[in-house]
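Please open the model in your viewer, with a cartoon representation and residue labels to hand. The tour below proceeds by selections, each followed by a description of what is there.

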Amino acid sequence: MKALVKAKAEPGLWLQEVPQPKPGPGEVLIRVLRTGICGTDLHIDAWNEWAQTTIKPPLVVGHEFVGEIAELGEDVESVYVGELVGAEGHIVCGRCRNCLAGRRVLCANSVGIGVHRDGAFAEYIVMPAGNVWPHLSSPREIGGSAEISRGPRGIDLDVASIFDPFGNAVHVATQYRLVAEDVLITGAGPIGLMAAIVARHNGARYVVVTDVSEYRLELARKIGVTLAVDVSKTRLSEAQAELGMKEGFDVAFEMSGVPSAMRELIDNMAHGGRVAILGLPEHEFPIDWSQVVFKMLTLRGVYGRQIFETWYQMSVFVQTGLDISPVITHRFPYRDYKEAFAIGHSGKCGKVVLDWSE
Ligand code: ZN
């Protein structure tokens, strides 16, 4: 099969012919239809410091995907051949305290597809059946949460292909109650934008998004945020004044990993404000902890997705009209991956999707 491989410990990715994987007991083979390019994939392509210490070539990269079940391993009954599925890309150990308690998102030993083991930028991928999330209605009854995940009209394949980052956005945006709250989102990348859409859907009053990329701020305006603020020119205090806000933001999502964004965020929180942090800073940095104390702020790190509560919520949000498709700005056949990655690196894009179905 064709796959995008980190074949050598140097910048670049290579489209190669590799052996098609076989599903073992409890596993399924999935024919990949669409994949999303993540910042992680860009780091692996560019071979930055993180990638050099984490990735062991040769490795099939990629973790955001949708596909259909092509083959069942032994003892798999939860899905059927032909079913449209996504999958949770973190494969947990099943043995640690958190796993045993059902808190799989907190497994300290989880293994990530496309990072620690072969990923989804390929014509086929093998996944444990227990990681699979069904997307569409089918003649067969599975029962439970799977039932409600199936919309009557099915789901757009491009949208389904980015459930992984959509899940990051939903996981962040569901940390706190948003009804009638004023929400600040620092960072207008695809996850920040999707979090803005979720905040709107879940009843926030003002949704203010910051970035320094005019392209991404324009995208934020297109999806209907209250204000998209270029923080290279405008202070958040001015944005607050423009909206008639007096006491600061009630809830914030830090999606940039940029120290100045975090500091300005803290400056602009209301007393009792709640902050969820997904942005990964490159290095450690100081913040004004006395403001955290005096304002009684809650700061919470967020990672991955609740398995599978976040997936359930995503499916329900899509079913109830939440539309993340404006965040997808570019689509390429997988053979044009070089162009797709160049667009990704340029930052003049929302989500970039590769089509593997040809
Ligand atoms: Zn575990």
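Which residue in β13 is the bridge partner of Val-208? Before selecting anything, please note that this is a predicted model. The partner of Val-208 is Leu-227 in β13, and the strands concerned, β12 (residues 207-211) and β13, pair in the parallel sense over four bridges.

**First stop: the parallel sheet**

Widen the selection to the whole sheet, in which six strands are arranged in the order β13-β12-β11-β14-β15-β16, with parallel pairing, and which is open. At its edges are β13 (227-230) and β16 (298-301), each of which pairs on one side only. Going from one strand to the next, the twist averages 20°.

Next, add the helices that lie across this edge of the sheet. Select residues 214-222 to bring up helix α8, which lies across β12 and β13 and runs at about 170° to β13. Then select residues 236-243, where helix α9 also lies across β12 and β13, in this case running at about 155° to β13.

**Second stop: a buried helix**

Now select residues 163-173, which form helix α6; because 11 of the 11 residues of this helix are buried, α6 is largely enclosed by the rest of the structure. The buried residues include Phe-163, Asp-164, Asn-168 and His-171.

Two helix packings can be examined from here. Two packed helices are described by the angle between their axes and the distance between the axes.

Add helix α7 (residues 190-201), whose axis comes within 8 Å of that of α6 and crosses that axis at roughly 50°. The angle falls outside the ranges for roughly parallel, roughly antiparallel and roughly perpendicular, and α6 and α7 are therefore oblique to each other. The crossing in which α6 passes α7 is right-handed. To display the contact, show the side chains of Pro-165, Phe-166, Asn-168, Ala-169, Val-170, Val-172 and Ala-173 on α6, together with Pro-190, Ile-191, Met-194, Ala-195, Val-198 and Ala-199 on α7. Coloured by class, the residues of this contact of α6 with α7 divide into 12 nonpolar, one polar and no charged.

Then exchange α7 for helix α12 (residues 309-319), whose axis comes within 9 Å of the α6 axis, the crossing being at roughly 100°. Since that angle lies in the range of 65 to 115 degrees, α6 and α12 are roughly perpendicular to each other. On the α6 side the contact is made by Phe-163, Phe-166, Gly-167, Val-170 and His-171, and on the α12 side by Thr-310, Trp-311, Gln-313, Met-314 and Phe-317. The residues of the contact of α6 with α12 divide into six nonpolar, four polar and no charged.

**Third stop: Val-353**

Centre the view on Val-353, which lies in strand β18 (residues 351-355). Is Val-353 buried or exposed? It counts as buried, because it has 23 C-beta neighbours inside 10 Å. Leaving aside residues up to four places away in sequence, Val-353 touches Arg-34, Gly-36, Asp-158, Ser-161, Ile-328 and Arg-331. A distance label from the C-alpha atom of Val-353 to that of Glu-64, 289 residues apart along the chain, should read 9.3 Å.

**Last stop: the antiparallel sheet**

Finally, select the open sheet of three strands, ordered β2-β1-β4, whose pairing is antiparallel. Its edge strands are β2 (14-17) and β4 (59-60), each pairing on one side only. Strand β1 (residues 2-6) and β2 pair in the antiparallel sense over four bridges, and Val-5 stands opposite Trp-14 in β2.

Methods:
Residues numbered from 1 in each chain as written. Predicted model: local features only at pLDDT ≥ 70, side-chain atom pairs only at ≥ 80, totals over all residues. Pairing = 2+ DSSP bridges. Helix = DSSP H or I, 4+ residues; strand = E, 2+ residues; numbered from the N terminus. Axes fitted to C-alpha atoms, helices over the stretch in contact; angles between N-to-C directions. Contact = placed C-beta atoms within 7 Å. Buried ≥ 20, exposed ≤ 12 C-beta atoms within 10 Å, placed from the backbone. Parallel < 35°, antiparallel > 145°, perpendicular 65-115°, else oblique. Left-handed = near helix turned anticlockwise from the far one by under 90°. Nonpolar A, V, L, I, M, F, W, Y, C, P; charged D, E, K, R; others polar.
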